[in-house]
Every structure is written in C-alpha cells, then in structure tokens.
Amino acid sequence: MNTQNLIGGEWITPNGEQMTIQNPSDVTLDVGVVHFSRDTDVLQAGEAAKQALANWAAMTPGARGNILYRIATMLEEQLEDVAHISSMEMGKPISEMKGEVMRGVHLLRYYAAEGVRATGSVIPASQEHVLQYTKRVPLGVVGIITPWNFPIAIPIWKIAPALINGNTIVWKPAEIASLSATRLTRIFVDAGLPAGVLNLVVGRGSIIGNALLEKVHLDGVSFTGSTATGMHVASLAAKRNIKYQTEMGGKNAAVVLKDADLQLTVQAVLSGAFRSAGQKCTATSRVIVEKSIYNQFIDALRKEMALMHISSALDPKSYLGPVASAFQHEKVMHYVDMARTNTEIVTEGKLQIEASSGHYVTPLVVSGVTVDDPLVQEEIFGPLMVLLPADNFDEALELCNRTVYGLSASIFTNDIQKGLRFLDEAQVGMVRVNQETAGVEYQSPFGGMKMSSSHTREQGQAALDFYSQTKTCAVYYG
Ligand code: NAD
C-alpha cells in the first residue's frame, strides 16, 4: 500500500521523499510506502478546502449528517481491513484496533445525528416584537493535525464534528499513521463526501507543519500530539488569532488506597499501564500505593503480570504488542535503561516472541525512585510503570498532583469520602474512581488541565462548540 494525498477530490502521489514503513511486530515485513508532501501541496490543499467551503456550509446539516451516516456504514463494513492495516502500521494489537475502528463508527453516527439537533436557543429580548436567538456557524477551513497512537479514532473525533458543523478540512496525519489515514480517507470519498471538503496531506510535521499553520488560510486548528509540538502549534495559531485546541501529553497516576478491591485494581492498573504498550495519552504511568498494602499490591501485580501475553500485534491473544516505531523504541529504551540502572525492578512481563523480531519493549514495573526523578516526571509513552508509596490519602493526592501534566487520574478505594475528595481535588481533566486512567467515551468531553491541553475539550458536545462560532441574531418585527 502507498500513501496518497487527497486534494480537491484528486488522489495525488507527491514525488519527493519516501519512507518505507516496516511492520513494528516483524521488521522484516514492509507494510507500505509513505510519500511526503512539500509546502506547495499543503497550499493547494488549503485552496481546495477554501473553494469547497461555501457549498458545504450551505448544505443542510441533515444532508451533511446523511453523508456521515454513509461513512459510518462503510467503515463498519470495512472494519477488519482498516484495523488490519493500522495494526501492521503502528503495532496496536488487533483486538484493540478493531475496538478503535468501531469507536470511529460510533463517533461518526453520534455526530451525524447532530445534523438534526438544535444548534442554538431563543433568548427573550429587552424590546417588544424582537426575536432574538443564537445559532452556530462554521469556523471555515480547519487544520487537523493528528498523532499515530489512535490512527483512526482521533482523526474521526476531530473530522466528524468539524464536518457536521459545515467546516472544510486540511488533515495532516502523523508520519507513521499515514497508511491508515489514506485508507480511512478513501472511505470518506467512496461514501460521497464532495471534493475539497476533506483534504489529506501526508508529510513530516517538521517540514510542512509551518506552511500549514502560517501560510494556509486557516480559520481554526485542532492538534493532538506531544506537549512540545502542541505549544508550537498554539503559538503560531495565537499569532494569527485563529481558534485552536491542543490536546497533549500526560503523566497519569492511579492511587491505590488500603481498602481497594485488589483484584479489580490490579487488572485496571495493568490495563491502563500496558495496553497499547503504554502508548495512550491517558496511560497509567505512576501508581501511588498506600504503604500498608504496598507488599500485598506488589504480590497481586506480579501474579497478574505473569499471565500477560506479549506478542505480535496481529496475534488475537496479544495484551500488548511492540511499540510503534524504531524511533519510539529508542526513546522508550532510554527510560528502560535508566530504570534498570537506577531503580528496583518490581516485576516485568515475559515476551512470547523474539524481542529482536520487532520493536518490542518488555513491560516493566519499578520502584525506589524519588518523586522528582525523570521516570516520575517525564512522559515515557511506553510500557514502564513506576510505583510510589504514600503514607495516606493526603500524601497520595499530593503526589498525584505533583506533575506539570493534568490529563487523567484514578483512585481505587471503597471509601466514598476519599473517592469524592479525589474527584474534587485531582488536577486533571478526566478523573475516575475504581476505573483505569485510560479509555474515553465518545459522548463525553475529553481533555486535560495544566500542560496537557489548551483547556478546550474534544468529543461529546464540546467538539461542536470548538468547530463552530456562535452568532447572536435579532429580528424586529413590530
Ligand atoms: P508529535 O507531537 O510528535 O506529533 C503529532 C503531530 O504533529 C504529527 O502529525 C506530527 O507530524 C505533527 N507535527 C510535528 N511537528 C510539527 C510542526 N512543527 N508543526 C505542525 N505539526 C507538527 O506527537 P506523536 O509522537 O505523534 O504523539 C504522541 C504524543 O501525543 C504523546 O505526547 C501523547 O501524550 C499525545 N497524545 C495526546 C492525546 C490527548 O488527547 N491529550 C491523545 C493522543 C496522544
């Protein structure tokens, strides 16, 4: 498979730099070729989106919704193939990947239905015989920049609400999710999305990102990725005074109190930490355990970890597979080496496959680190979990909040007062009691606090607000 750009309804293969994607589960297998774009491609995509805007925005939202329903149906029909390509491209276990594609289907249907829902309210006017009401209008052309760790769901949770609101799009997916992006975009075209409404530009963010953000006539930009890139995107958007949202990194904590149901807790903590090889922005990477059950918790963790199946992403039994790329492997191994040198290894998983056959990282649980250690403070984005003991709830809460990030956090307890206090006081955008830190619901708002977000929210009704602006209208009929 090869990537292609979709610009103004035409499939185009840029003739510049290319990169072969090797299957992270088995690096002897080539999955496809990524063709990188240049600035001129991005500018053409911006022009196409601008030209398509008036007609798309003028369609009734119901008619736009019907197209989204068709895309959802086609994506559901092609779920197996789409999931297979993504699994091979970025190494997410196939069982999880199928769930992710289905999430995309649900998101499309959720936003399709918005085509026939109210988009404003009638507000009493201070003068007689005046009809005053609000309505939502599109932003215009929006730039969408996505990461590789949810190659289907994240693009759809941005594209679907943008489309139902009447915006047109220039989408730049992550380099190592571009085969998935091309495959997904084909479905949008086949389902009858008019030319120019969605434009796909495959390329290196460091090369074409600035052209997209500085030269294309964008009216808004939605970004998900690392905090460093997100801050750059935000500064360029602020310079142009366009609406932006940046959803960025995390360093999420699970707090385990002495009265927690240990079996439920261990399963939720391991799932949060190691599913997708720890490459979820909401992954559990710090586990703060009340000292009185610390040893008991470790015993339970060791037992459960011994059962973990770690193998190729296409193995339906895989709990976790490889990390996504050689670059990601190198980055995570830097932290693994640091952990093996400077910490106590509490337990580790056992690979059911030859480590050197792909970008595999053995999942690791470590302890004996200070709270300011890079392993406790930096986003690792791999299967490495740090245990921190705490004297009591108050210390656990303090440790949980001791990070620049604020994406998600969980507490495991049967004490309702402590659970409710945690919901109040944890400084994160998504906070849970007796549930893992990872996993979001498409119908709920999602986003972070502190350095994890531009303090905007995605998904649910929040996305409709982001991809629109509100007009207050008044008509005198006296
Ligand atoms: P990244 O920041 O390296 O890249 C994200 C996207 O930005 C890619 O498409 C990339 O090509 C593009 N990009 C890079 N440089 C750019 C530039 N100068 N201008 C414009 N675009 C540019 O992130 P990644 O490695 O793809 O993803 C992993 C990160 O994403 C992690 O930090 C993770 O926490 C975060 N993430 C956050 C959420 C969330 O909702 N908060 C969800 C998923 C992932």
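**Packing of helices and strands in the predicted model**

In this predicted model, helix α7, which spans residues 205-214, has as its buried residues I208, G209, A211, L212 and L213. These buried positions pack against two helices, α1 (39-58) and α8 (227-240), and against three strands, β6 (141-145), β7 (168-172) and β9 (220-224). An α-helix has 3.6 residues a turn, so residues three or four places apart point the same way.

Of the strands contacted by α7, β6 was examined further. In β6, 5 of the 5 residues are buried, so the strand is largely enclosed by the rest of the structure. In a regular strand the side chains alternate between the two faces of the sheet. Both faces of β6 are covered, with V141, G143 and I145 buried on one side and V142 and I144 buried on the other. Strand β6 pairs with β7 in the parallel sense, over 5 bridges. Within this pairing, G143 stands opposite V170 of β7.

An open sheet of 7 strands is found with the order β13-β14-β15-β12-β11-β17-β18, and its pairing is mixed. The edges are formed by β13 (344-348) and β18 (430-433); each has a single partner strand, so one side of each is left without a neighbour in the sheet. On average, neighbouring strands of this sheet are turned by 20° against each other, direction ignored. Strands of a sheet pair through backbone hydrogen bonds, either parallel or antiparallel. The parallel sense applies to β14 (residues 364-367) and β15 (residues 384-390), which pair over 3 bridges. Here V365 has M385, in β15, as its bridge partner.

Two helices lie across strands of this sheet. Helix α13 (residues 393-401) lies across β11 (252-256), β12 (284-290), β15 and β17 (408-412), and runs at about 165° to β12. Helix α14 (residues 416-425) lies across β11, β17 and β18, running at about 175° to β18. Strands β11 and β17 thus lie beneath α13 and also beneath α14.

Residue A254 is located in strand β11. With a relative accessibility of 1%, A254 counts as buried, because the limit for this class is under 20%. Not counting residues up to four places away in sequence, A254 touches V269, T284, R286, V287, I288, S410, F412 and T437. Between A254 and V202 the separation is 52 residues in sequence and 37 Å in space, taken from C-alpha to C-alpha.

Two helix pairs were analysed in detail. In the pair formed by helix α2 (residues 61-77) and helix α4 (residues 94-113), the axes come within 8 Å and cross at roughly 165°. This angle makes α2 roughly antiparallel to α4. The crossing of α2 past α4 is left-handed. On the α2 side, the contact comprises G65, L68, Y69, I71, A72, T73, L75 and E76, which meet V101, M102, G104, V105, L108, R109, Y111, A112 and A113 of α4. By class, the residues of this contact divide into 12 nonpolar, 3 polar and 2 charged.

In the pair formed by α9 (262-274) and helix α10 (residues 294-305), the axes lie 10 Å apart and the helices pack at an angle of about 60°. Helices α9 and α10 are therefore oblique to each other. Their crossing is right-handed. Residues L262, T265, V266, Q267, V269, L270 and F274 of α9 meet Q296, F297, A300, L301, E304 and M305 of α10. This contact of α9 with α10 is made up of 9 nonpolar, 3 polar and 1 charged residues. V269, one of the α9 residues in this contact, is also among the residues touched by A254.

Positive phi angles were noted at two loop positions. S276, in the loop between α9 and β12, has a positive phi of about 55° although it is not a glycine. At 5% relative accessibility, S276 counts as buried. Q459 is placed in the loop between β19 (449-450) and α15 (462-466). Q459 likewise is not a glycine, yet has a positive phi of about 60°. With a relative accessibility of 0%, Q459 counts as buried.

Key. Residues numbered from 1 in each chain as written. Predicted model: local features only at pLDDT ≥ 70, side-chain atom pairs only at ≥ 80, totals over all residues. Heavy atoms only, no water. Pairing = 2+ DSSP bridges. Helix = DSSP H or I, 4+ residues; strand = E, 2+ residues; numbered from the N terminus. Axes fitted to C-alpha atoms, helices over the stretch in contact; angles between N-to-C directions. Contact = heavy atoms within 4.5 Å. Parallel < 35°, antiparallel > 145°, perpendicular 65-115°, else oblique. Left-handed = near helix turned anticlockwise from the far one by under 90°. Nonpolar A, V, L, I, M, F, W, Y, C, P; charged D, E, K, R; others polar. Buried < 20%, exposed > 50% of the residue type's maximum accessible area, 1.4 Å probe, protein only.
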